[in-house]
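Got a model open and wondering how its labels were earned? Let's go through them one at a time.

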Amino acid sequence: MNGTNKTIVGAVYGVAMAYTALAFVLTVLSFEGDAGTVIPGIATIHGPYSGFVAPLPVNFAVALGGIALSVWGMFTSEPLDVMGRTNPVQYLWTHRPNAFLRGIFAPWGLITSAWKKSKALVVIPVVLLPFYAVWSIMLTVTLIVPFIAARLIVSAKISSAVKKERLAYRESTGFGICPHCKRDFARPQVVCACGLILDYPVPGIYGIKTQTCNNGDEVPCTAGSRTDLKTRCPYCMEPIETQEARPVCIAMAGAVGSGKTTLMLAGVDSLLTRAKKAGIPAQTATEDISAEARASKDVVNSTESKEKLSQCMFFKPIGTHETELVINDIAGSEFRPSLEKTLFEEYYKYVDGVIFVLDPTRLGSTDGPDVIEAFNTFYGMYALIKGARPGTVFKSRLAIVASRRDATNLEDDDVRGYIISKGGETFVNTAETVFENVRFFSVCSIGRNSATAAYPFLWILESSDKDLSESLGLSEIANR
């Protein structure tokens with residue numbers, strides 16, 4: 001039993017035992033007649049017991065033994081059991097299943113504990129009933145008021161803590177995303193230090209500020225204190241990191257060989273550099289955007305045509321909420337027109353923005369990938385998953401990125417006209433019709449001069465976390 005429960009039990013039991021102790025003194029000193037006028041109810045409850053022990057030559061010892069048996073029953077394992085069953089976290093004593101009945105009938109704990117160990121043992125506390133029954137009745141009655149008071153106080157504290165935590169979590173996090181199965185969820189599960197799998201700890205019947213697992217390990221349950229907890233996806237059960245950061249989700253799209261993966265690696269590298277200069281702690285959390293992967297960005301292979309792990313990185317500005325950037329890099333082969341393809345449904349359900357990458361040096365080429373077909377295929381998948389109707393305009397941001405700036409010397413303002421001049425007018429018109437916010441970028445993703453690779457990410461990041469985006473250099477985009 002944790003410290004909070006010990007405090008609650010101590011307060012409730014303390015009141016009942018103090019009342020009973022006074023009754024014991026009055027019994028032993030034979031003050032039954034006056035007791036009822038001093039403390040209502042005492043004479044009525046303990047009178048029969050006094051009559052039972054008064055003729056005995058050892059009535060003091062018998063009375064003391066009787067009350068000792070009742071108190072002993074209160075501190076047996078059954079009355080104090082708070083173990084969670086479906087969620088292996090200790091309940092608050094006042095809020096466990098059948099808490100009221102289990103609380104006020106604690107003085108009969110000798111019987112329940114004996115029954116649990118062995119039905120034959122019940123004979124012992126039953127034989128001793130004449131010596132402690134009256135005291136157990138008195139304790140049962142005197143437990144009612146303090147238990148109800150404790151229940152009301154704890155319930156009020158829970159209600160207040162729940163409101164504060166929900167507001168704080170909604171503002172700082174909102175939801176989580178699994179990089180494995182791509183599903184979004186309100187709360188992950190927690191892997192306790194002892195290995196138990198727990199529901200995400202929030203203020204409630206298991207605790208207000210901290211909770212204690214059935215093995216005795218403490219787990220924080222208030223917003224901001226749970227960032228270091230080991231978590232796993234509640235759907236696929238894979239280990240994940242959430243760090244209570246607000247997710248910003250970006251999907252990469254484009255034809256085969258357009259440079260999506262290289263842009264992603266260069267963008268992440270540039271964002272980390274910018275975060276370091278701004279004094280913002282930042283880190284990557286997945287292997288495909290690790291330092292080793294970023295170091296080899298200039299020679300990456302084409303993305304395989306399968307569902308890959310989402311790539312995640314975290315920004316932890318001091319004094320404000322943390323942000324998780326989630327990037328989904330989809331193979332260009334998935335944007336070829338065909339009857340059979342993988343629909344990455346979870347990718348697009350919660351997306352904040354899409355980066356559509358094209359290689360401007362291959363626009364209009366008869367043997368190169370068709371950018372228009374790739375975009376139309378992407379849009380068909382996106383609209384289907386979003387359940388869009390004809391005429392729907394998506395609010396998610398669309399960054400159309402021309403890679404190979406090093407080879408074309410295109411500026412951002414030149415990209416739109418360049419695409420149209422290469423036969424992409426339909427593509428441009430379609431994009432600007434179905435997306436409310438479209439912006440064109442020209443970036444370099446290879447070599448040392450790849451700082452521009454961060455710009456489309458910063459622009460999309462602005463829609464969900466403008467403060468972080470500005471700290472990382474959003475103003476540079478406006479000045480281009």
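**How the labels hold up**

Q: What makes F315 a residue with contacts far along the chain, and which residues does F315 touch?
A: Leaving aside its neighbours within four places in sequence, F315 is in contact (heavy atoms within 4.5 Å) with L271, A275, I280, P281, A282, E322, T323, L325, L468 and L472. Bear in mind that this is a predicted model, where local features need pLDDT of at least 70, side-chain atom pairs count only at pLDDT 80 or more, and totals for chains, interfaces and linings use all residues. Residues are numbered from 1 along each chain as its sequence is written, and side-chain values use heavy atoms, with hydrogens and water left out.

Q: Which residues touch the most other members of the largest nonpolar core?
A: Those are L263, L271, F315, I355 and L472, out of 36 residues. A nonpolar core here is a set of buried Ala, Val, Leu, Ile, Met, Phe, Trp, Tyr and Cys residues joined through side-chain atoms within 4.5 Å. Buried means under 20% relative accessible area, exposed means over 50%, and partly exposed is in between, with a 1.4 Å probe and protein chains only.

Q: Which elements give two or more residues to this core?
A: They are strand 9, helix 10 (260-278), strand 11, strand 12, strand 13 (353-358), strand 14 (394-402), helix 17 (455-462) and helix 19 (474-478). Helix 10 gives the most, with eight residues. Helices (H or I, at least four residues) and strands (E, at least two) are DSSP runs, numbered from the N terminus. There's also a second, separate core of 29 residues, which includes F356, L363, I419 and A431.

Q: How do you know that the length of helix 10 agrees with its residue count?
A: The expected span is 1.5 Å times one less than the number of residues. For the 19 residues of helix 10 that gives 27 Å, and the end C-alpha atoms are 26 Å apart, so the two agree.

Q: Is helix 10 mostly covered or mostly open, and what follows helix 10?
A: Mostly covered: 14 of its 19 residues are buried. Next comes G279, with a positive phi near 75°.

Q: Why is strand 12 called largely enclosed?
A: Seven of the seven residues of strand 12 (residues 323-329) are buried, so the rest of the structure largely encloses it. T323, L325, I327 and D329 point one way, while E324, V326 and N328 point the other way, and all are buried.

Q: What makes strand 12 a partner of strand 9 and of strand 11?
A: Two strands pair if DSSP finds at least two bridges between them. Strand 9 (residues 246-254) pairs with strand 12 in the parallel sense over seven bridges, and M252 stands opposite D329 there. Strand 11 (residues 311-315) pairs with strand 12 in the antiparallel sense over five bridges, with F314 opposite E324. Both pairings therefore pass the cut-off of at least two bridges.

Q: Why is N98 called exposed?
A: N98 has 59% relative accessibility, so it counts as exposed. N98 sits in the loop between helix 5 (77-80) and helix 6 (99-104), and has a positive phi of about 55° although it is not a glycine.

Q: Why does N409 count as exposed?
A: The relative accessibility of N409 is 62%, so the label fits. N409 lies in the loop between helix 14 (405-408) and helix 15 (412-421), with a positive phi of about 60° although it is not a glycine.
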